[in-house]
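Here's a quick tour of how a protein and a DNA strand meet. Have the structure open while you read.

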Amino acid sequence: MIALVDCNNFYASCERVFNPSMNGRPVVVLSNNDGCVIARSNEAKAIGITMGVPAFKAAELFRRYNVAVYSANFALYGDMSRRVMQILSDFTPRQEIYSVDECFLDLAGLHEDGQAMGYRMRERVGRWTGLPISVGIAPTKALAKIANRIAKKYPSRTGDVYVIDTEEKRLKALRWLPVEDIWGVGRRNAMKLYAAGVTRADDFARMPESWVRKQMTIKGVYLQRELNGVPAIDMEIEADKSKSFSVTRTFPREYETWDEVKERVVTFASLAAAKVRKQQSLCRRLEVFVQTSLYKDSDGPVTGAREVRFPFPTSSTLEIVDFVVAGLRSIYKPGRRYKRAGVTLYDFIEPEEWQPSLFAEMNPNPRHPRLMQAIDTINQKIEGGIRVASRDARTFKMNRAYLSRKYTTDIHEILEVKMNK
DNA sequence: TCTGGGGTCCTAGGACCC
DNA sequence: TCTGGGGTCCTAGGACCC
């Protein structure tokens, strides 16, 4: 059996842990720049605040219902996530961390009753972190997802834990679940399925495999097997190295000068490069894009994008910054009002896989690795301690009007939290 | 005035090779 | 009139996830 454990309303719940007075009150968390709603407590959902709604459109609801509003505090959520995952890994070493707030646990070989174990997980995570979780248990990952959904939907009847361990329960669950809510069925496939007269998961499970293969590719076939109780999607216990790193942002206002846009893009490239170094890869390509407002022009946003292939693999911020500025220069149009930009680093190789070129000018600067190491060490201790000069913090300030504090990652805050307890 | 961010995988089709 | 067959690699675009 496989468990899918997931934190309820994760970001909103994290904020609540440190502000218990928010219990019972609607809580929402906003995206970068306080742009739109990205997490909601149950109370916030109940008063009709929808996922992704722009903050300015929900302002009236916020006021009327005395909603507690928070700017996203990803450092806090990341740290809470690490704690939850750590606790759950005690139940079985076979854990797949699927997202910041979810993990699969392979329960094979464990003798404890699933329901009982689910309650124990809930109890322990709740007591040790203050976060509420839901647990779904079933023979396959796709079914565990559904079990979890049932647990969430009927908290009082299930106690937030639901196990699909009989054929009867499996069929009942499939009859209950609309196709569009199946894990791996998105908007597009849902439309195809509806067009074919398929509206419930059990209809989908009975569709001819050839049809599924044709309409939904091999992934659809795996999914169908999983719903029929046959494992087809492997657990991924070992976290692979990432294949790309992106940093993209919407700006707080439109930028109309080269310097402003360049500063942002250089910053994004620097952040992404640090991630590449952290996983000890080298990078051979980047993509940079800039975009005008998604909402202003009636014919939609104008996007410019450019791929840059490096003459050698590198993880040096200095080298990557040069490449990204060259890329940006080739797409930047003076006079445009840019609202969003981003950088993706990808096409990684491992350092030992690469041989230097015979031509010196095609090789990376041999002194950069140690320089980067020194910079990373310093920046670990002093956030933003060293950066390339073309990054200028003064030119950019993100809106984070409702930011909570770094309760778990800043030593002063940690002491304060402890004293209050 | 104000509208998020970061990933992975699959497939078709083109380019190229022998 | 008749115009091979098999394979790899790469990329863009689509679809999906949280």
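Which backbone atom of Val 185 lies 3.1 Å from DNA strand C, and what sort of atom does it face there? Keep in mind that this is a predicted model. The Val 185 partner is a backbone N or O atom, and what it faces is a phosphate oxygen of the strand.

Two side chains make polar approaches to DNA strand C as well. Ser 99 brings a polar side-chain atom to a sugar or linking oxygen, while Arg 285 points a side-chain N or O atom at a phosphate oxygen. Here are the three side by side:

| Residue | Part of the residue | Atom on DNA strand C | Distance |
|---|---|---|---|
| Val 185 | backbone N or O | phosphate oxygen | 3.1 Å |
| Ser 99 | polar side-chain atom | sugar or linking oxygen | 3.2 Å |
| Arg 285 | side-chain N or O | phosphate oxygen | 3.2 Å |

That fits the wider picture: of the strand C atoms within 4 Å of the protein, 100% belong to sugar or phosphate.

Now zoom out to the protein side. There are 15 residues around DNA strand C, and Lys 145, Gly 184, Arg 188, Asn 189 and Arg 309 come nearest. Sorted by class, the surface near the strand has 7 charged, 4 polar and 4 nonpolar residues. β5 (95–99) and α9 (187–195) each chip in at least two residues, and α9 gives the most, with 3.

As for the overall layout, chain A is assigned domain 1 (2–159), domain 2 (167–228) and domain 3 (244–381). Going by C-alpha atoms, the centres of domain 1 and domain 3 are 33 Å apart.

Technical notes:
Residues numbered from 1 in each chain as written. Chains lettered and ligands numbered in written order. Predicted model: local features only at pLDDT ≥ 70, side-chain atom pairs only at ≥ 80, totals over all residues. Heavy atoms only, no water. Near = heavy atom within 4 Å. Polar contact = N/O pair within 3.5 Å; in protein donor to acceptor, adjacent residues only side chain to side chain. Helix = DSSP H or I, 4+ residues; strand = E, 2+ residues; numbered from the N terminus. Nonpolar A, V, L, I, M, F, W, Y, C, P; charged D, E, K, R; others polar. Domains from an automatic or database assignment.
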